[in-house]
Amino acid sequence: MMMPENGHRAHGFSSAIFLDSDEILKELDLKGSEVFMDAGCGDGHNAIKVIEDYGHRGTVYAVDIYDASIEDMEKYKTENGVENLINIEADITEGIPGVEDSSVDVVLLVNVFHGFKASRKLDEGVEELKRIVSADGKIAVMDYKAWDVPKGPPTQVRSSPEELEKLFNAHGLKKIYLNEEIGEDIPQGKSHYLIMFQKE
Ligand SMILES: C[S@@+](CC[C@H](N)C(=O)[O-])C[C@H]1O[C@@H](n2cnc3c(N)ncnc32)[C@H](O)[C@@H]1O
């Protein structure tokens with residue numbers, strides 16, 4: 001168990017210390033009224049930033065498979081009286097209970113998608129993201145480039161943007177955006193890419 005900066009528990013590394021949340025969230029061009037989901041929220045710093053710094057008025061979902069992360073988010077919600085935050089403990093690849101079909105406008109996964117590959121549940125994960133995203137909504141996946149570098153997950157669980165595009169296309173989702181110059185500066189270049197998909 002890792003102890004991220006905000007004291008919330010996370011099952012894995014919180015990206016708060018090495019990725020710039022604002023750089024990521026600005027890519028989403030949030031207007032404030034969307035239904036937003038931080039999928040695989042970990043310590044929830046992105047969901048919290050959207051609520052606190054971006055003044056988001058629409059529903060914000062924080063979803064994670066790790067019960068302690070969701071417990072901490074529930075504590076945060078209660079202590080701060082955040083009415084538009086809904087925290088859900090769920091394995092995304094098995095379905096997110098309580099989230100209606102086509103009801104989420106923006107789904108963000110930061111350093112989560114490679115976990116679907118590690119558990120060999122890529123198709124299940126994409127199918128659930130497709131189920132919940134609204135007709136004009138977007139799924140934003142930010143993950144490590146498929147490079148063989150020491151920092152980050154093992155090379156074999158990383159995917160290139162081209163591999164993701166092929167996978168999402170097979171589920172009826174089209175690429176609408178790709179930024180390959182994002183993330184941390186490492187000797188090889190920028191560590192991450194951010195790719196967005198929408199229903200066809
Ligand atoms: C590396 S952490 C990243 C957390 C956060 N997104 C961030 O950027 O700091 C990955 C998170 O995804 C969660 N996760 C991994 N697989 C998941 C799944 N199938 N369903 C829900 N959450 C998952 C883990 O529990 C963990 O909190």
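The exercises below walk through a predicted model of a protein, each with a worked solution.

**Exercise 1. Count the helices and strands, and give their order along the chain.**

Solution. Start with the totals: the protein has six helices and seven strands. Then read from the N terminus: α-β-α-β-α-β-β-α-α-β-α-β-β.

**Exercise 2. Check the overall dimensions against the rule for a compact globule.**

Solution. Take the chain length, 200 residues. A compact globule with that many residues would have a radius of gyration near 16 Å. The protein has 16 Å, so the value agrees with the rule. For the outline, take the principal axes: the C-alpha atoms fill a box of roughly 45 × 35 × 30 Å.

**Exercise 3. Work out the strand order of the sheet and name its edges.**

Solution. Seven strands form an open sheet. Read across, their order is 3-2-1-4-5-7-6. The pairing is mixed. Now look at the ends of that order: strand 3 and strand 6 (173–186) are the edge strands, since each pairs on one side only. Last, the twist: neighbouring strands are turned by 15° against each other on average, direction ignored.

**Exercise 4. Follow the chain from strand 2 to strand 3 and find the handedness of the crossover.**

Solution. First, the pairing. Strand 2 (residues 60–64) and strand 3 (residues 85–89) run parallel and are joined by five bridges. One of the partnerships links D64 to E89 in strand 3. Next, the path: the chain leaves strand 2, passes through helix 3 (residues 67–80) and arrives at strand 3. This β-α-β crossover is right-handed.

**Exercise 5. Describe how strand 7 pairs with strand 5 and with strand 6.**

Solution. Begin with strand 5 (residues 133–144). Its pairing with strand 7 (residues 189–199) is antiparallel, over six bridges. Among the partners, V141 matches I195, and I139 matches F197. Turn to strand 6. Strand 6 pairs with strand 7 in the antiparallel sense too, over nine bridges. A hairpin of two residues connects strand 6 to strand 7. I186 stands opposite G189 of strand 7.

**Exercise 6. Which strands does helix 2 touch, and which does helix 5 lie across?**

Solution. Helix 2 (residues 45–52) packs on the sheet. There it touches strand 1 (36–39), strand 2, strand 3 and strand 4 (104–110). Its direction makes about 170° with that of strand 2. Helix 5 (residues 122–132) lies across strand 4, strand 5, strand 6 and strand 7. Helix 5 runs at about 145° to strand 5.

**Exercise 7. How many residues surround the ligand, and how do they divide by character?**

Solution. Count the shell: 22 residues surround the ligand. The closest are G12, S15, G40, G42 and V110. Then sort the shell: 10 residues are nonpolar, 10 are polar and two are charged.

Methods:
Residues numbered from 1 in each chain as written. Predicted model: local features only at pLDDT ≥ 70, side-chain atom pairs only at ≥ 80, totals over all residues. Pairing = 2+ DSSP bridges. Helix = DSSP H or I, 4+ residues; strand = E, 2+ residues; numbered from the N terminus. Right-handed = clockwise from strand over helix to strand, strands pointing away. Near = placed C-beta within 6 Å. Nonpolar A, V, L, I, M, F, W, Y, C, P; charged D, E, K, R; others polar. Axes fitted to C-alpha atoms, helices over the stretch in contact; angles between N-to-C directions. Contact = placed C-beta atoms within 7 Å. Rg over C-alpha atoms; globule rule 2.2 N^0.38 Å.
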